[in-house]
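Biologist: I should be grateful for a close look at a single loop residue and its surroundings, set against the chain as a whole. Please describe its position, its exposure and its partners in one connected account.

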Amino acid sequence: MERWSGKVAVVTGASSGIGAAIAKDLAKAGLVVVGLARRVDRVEALKADLPEAAGDLLYAVKCDVSNEEDILQVFKWVEKKFGGVDVLVNNAGVLRETDLIESDNTKMLREVLDTNVLGLVLCSREAYQSMKKRSVDGHIVHINSIVGHNVLNFPKFNIYPASKHAVTAITETMRNELRNAGTKIKITSISPGVVRTEILPDTFVDEGYPMLESEDISEAVLFALGTPPRVQIHEVIIKPVGEKF
């Protein structure tokens, strides 16, 4: 991770769970971390869990990644304050419990697509433009899911698996585009199984599913970032021991 010391990382959905763990671990590793979230006060509170030196590297910035204007303003701010972005971790994601065939659920379905798919694409686009402008061999990480590879029979998951399948396809499309553009920017998809986070439906807790912790996913991010420039981790699938799907 030494090559990233002092570099700038943007982490979306940094207020809790996986995003919070990643933001803290990147700051501990010496990166300047811009933690994006709608609940910006919760990102600010993460500093209390960090040594003073690492806490000084964490910046809490309010951003709703389903809002393009928010995204554009944030990346402009990062460029003005720090010069640009070197690492992007697209972690922000939402799950709205409904069925595709229910009525009056259009707003919920749009929220999932706008955050999980379009928000991820727009943040990646702006990060790439920043890297390209400065000829930086940066790294983009997408926090995907095992349901981005298989559609499982989970009630009320509706369009969520489709949004994560989109992330799988988008990752490979971006990898092709980055290569075709002649860059050495890396892109990695990390697909966890069940993780103990706020997004998790109560059913998983009630039925005693084996679970990962947010820190397990953060360690995978650090692993992917810590590889030599010649190495690109395409996909990491992480499941808790005993998971049946």
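Modeller: Accessible areas here come from the Shrake-Rupley method with a 1.4 Å probe. On that basis the chain, which is a predicted model, exposes about 11,700 Å², of which carbon and sulfur atoms supply 51%.

The setting may be described before the residue itself. Eight helices and seven strands make up the secondary structure of the chain. Its radius of gyration is 17 Å, close to the 18 Å that the globule rule gives for 245 residues, so the chain is as compact as a globular protein of that length. Along the principal axes, the C-alpha atoms fill a box of roughly 45 × 40 × 35 Å. Of the 245 residues, 51% count as buried. Among contacts between residues at least 6 apart in sequence, 72% join residues at least 24 apart. As for charge, the mean positions of the 29 positive and 33 negative charges are 6 Å apart.

The residue chosen for the close look is His234, which lies in the loop between α8 (214-225) and β7 (235-238). Is His234 buried, exposed or partly exposed? Residues between 20% and 50% relative accessible area are classed as partly exposed. His234 has a relative accessibility of 37%, and therefore counts as partly exposed.

Two polar contacts involve the side chain of His234. One, of 3.3 Å, joins it to the side chain of Arg175; another, of 3.4 Å, joins it to the side chain of Gln232. Arg175 also appears in the list of contacts of His234 that leaves aside neighbours within four places in sequence, together with Glu172, Ile187, Thr188 and Ser189. With respect to Ala224, His234 is 10 residues away in sequence, and the two C-alpha atoms are 8.9 Å apart in space.

A second loop residue, Asn158, may be set beside His234. Asn158 is placed in the loop between β5 (139-143) and α6 (160-180). The limit for a buried residue is a relative accessible area under 20%. Asn158, with 15%, is therefore buried. The side chain of Asn158 reaches the backbone oxygen of Lys156 at 2.8 Å. Apart from neighbours within four places in sequence, Asn158 is in contact with Arg96, Glu97, Thr98, Asp99, Leu100 and Leu109.

In summary, His234 is partly exposed and has side-chain polar contacts with Arg175 and Gln232, whereas Asn158 is buried.

Note on methods
Residues numbered from 1 in each chain as written. Predicted model: local features only at pLDDT ≥ 70, side-chain atom pairs only at ≥ 80, totals over all residues. Heavy atoms only, no water. Helix = DSSP H or I, 4+ residues; strand = E, 2+ residues; numbered from the N terminus. Rg over C-alpha atoms; globule rule 2.2 N^0.38 Å. Buried < 20%, exposed > 50% of the residue type's maximum accessible area, 1.4 Å probe, protein only. Contact = heavy atoms within 4.5 Å. Lys, Arg positive; Asp, Glu negative; His and termini not counted. Charge placed at Lys NZ, Arg CZ, Asp CG, Glu CD. Polar contact = N/O pair within 3.5 Å; in protein donor to acceptor, adjacent residues only side chain to side chain.
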